[in-house]
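Please walk me through this structure, starting at the ligand and moving on to the helices and the backbone.

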Amino acid sequence: MIDKEMNELEKQCQKIWDELGSWWDSSVMDGDYFHQAFVFPSIVKLLELQGGELILDAGCGNGALSRLIHQRGGEVLGVDFSSSLIKQAQERSPDIQYKHISLTDTTSLLELSKSKQFDRVVCSMVLHDMPTVTPFFKSLRTLLKPNGYFIFSLPHPCFNSPSVQFEPKACLTIRDYQDQTMVKMRSKPGQPIEQLVFHRPIQTYFNLLIAEGMVMNGFEEPCVDPKILPEESLWRERSRIPPALISRWIFANKL
Ligand SMILES: C[S@@+](CC[C@H](N)C(=O)[O-])C[C@H]1O[C@@H](n2cnc3c(N)ncnc32)[C@H](O)[C@@H]1O
């Protein structure tokens, strides 16, 4: 994609997330069932917090994960490109620092890394909302301290992507996994407007990080007891299929 097209998509995404901000905040609050069941436990495990670590929550939304990390003794900076979500995050947790930054803006990411370097960079359920992940992945070298971890979660690209149909009953039908696609969709019930979602096969993410000199040293595909899921969850009757993946990365020369 050429830069002009990319900038245009980025602007569209930002406008959508600004418009979605207050609805997203009231829907997610401190984490909806999906965060609580499928995302937060694995992120907390892979963060391996001892207390006092400096953490970047990249694409922090309304700060649900930032607050959880803060409660567990991490010092968090939350960044997001949506002014409305930064405002919601700040209102919910005035004791946490939040900053308006786009993860596709190389200059801002470099400036941030000059002021602070992080023990952990965590990016939860964000990368599939970005037209490009390359500038962010390239900035990890300067954002992370030596031996720092990068942890990201995603809706599982195999089992929970726009090209997956929830049929037949209790199963999934998967088509065109290998293609990178962009679709407009509502990702949560009741979502007032569509967002842009960028499907990439897992190898795209992994190979970009490997090209930056990183290796994976943690990987989770959580499945949970269906009884803890709400009645309406499509994952209740597909309880052995993981709807999210979470992986942890470190620079190879720091192993
Ligand atoms: C699905 S929400 C997830 C929010 C939060 N991490 C969570 O798990 O609740 C995606 C978030 O990514 C943010 N986002 C998307 N593209 C971004 C970008 N280029 N730079 C910074 N934030 C971005 C959106 O504003 C939104 O807050």
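The paragraphs below take the ligand, a pair of helices and two backbone features in turn.

This is a predicted model, in which local features need pLDDT of at least 70 and side-chain atom pairs count only at pLDDT 80 or more, while totals for chains, interfaces and linings use all residues. Residues are numbered from 1 along each chain as its sequence is written, and side-chain values use heavy atoms, with hydrogens and water left out.

The ligand is surrounded by 20 residues, the closest being His35, Gly59, Asp80, Leu103 and Ser124; a residue counts here if one of its heavy atoms lies within 4 Å of the ligand. Sorted by class, this shell holds 10 nonpolar, seven polar and three charged residues. In that sorting, Ala, Val, Leu, Ile, Met, Phe, Trp, Tyr, Cys and Pro are nonpolar, Asp, Glu, Lys and Arg are charged, and the others, Gly among them, are polar. Helix α1 (residues 3-28) gives the most to the shell, with three residues; helices (H or I, at least four residues) and strands (E, at least two) are DSSP runs numbered from the N terminus.

Three side chains make polar contacts with the ligand, that is, pairs of N or O atoms within 3.5 Å. A polar side-chain atom of Asp80 lies 2.5 Å from a ligand oxygen, and an N or O atom in the side chain of His35 is 2.8 Å from a ligand oxygen. For Ser102, a side-chain N or O atom is 3.4 Å from a nitrogen of the ligand. The protein covers 98% of the 590 Å² of accessible area that the ligand has on its own (Shrake-Rupley method, 1.4 Å probe).

How do the axes of α1 and helix α4 (residues 83-92) cross? They come within 6 Å and cross at roughly 30 degrees, as lines fitted to C-alpha atoms over the stretch in contact, with angles from 0 to 180 degrees between N-to-C directions. The two helices are therefore roughly parallel, a term for angles under 35 degrees.

Turning to the backbone, a cis peptide bond joins Glu167 and Pro168, with omega about -5 degrees. Pro168 is in the loop between β6 (164-165) and β7 (173-174). Met29, in the loop between α1 and α2 (33-47), has a positive phi of about 45 degrees although it is not a glycine.

Terms used
A polar contact is a pair of N or O atoms within 3.5 Å; within protein, one must be able to donate a hydrogen and the other to accept it, and residues adjacent in sequence count only if both atoms are side-chain atoms. Angles under 35 degrees count as roughly parallel, over 145 as roughly antiparallel, 65 to 115 as roughly perpendicular and the rest as oblique.
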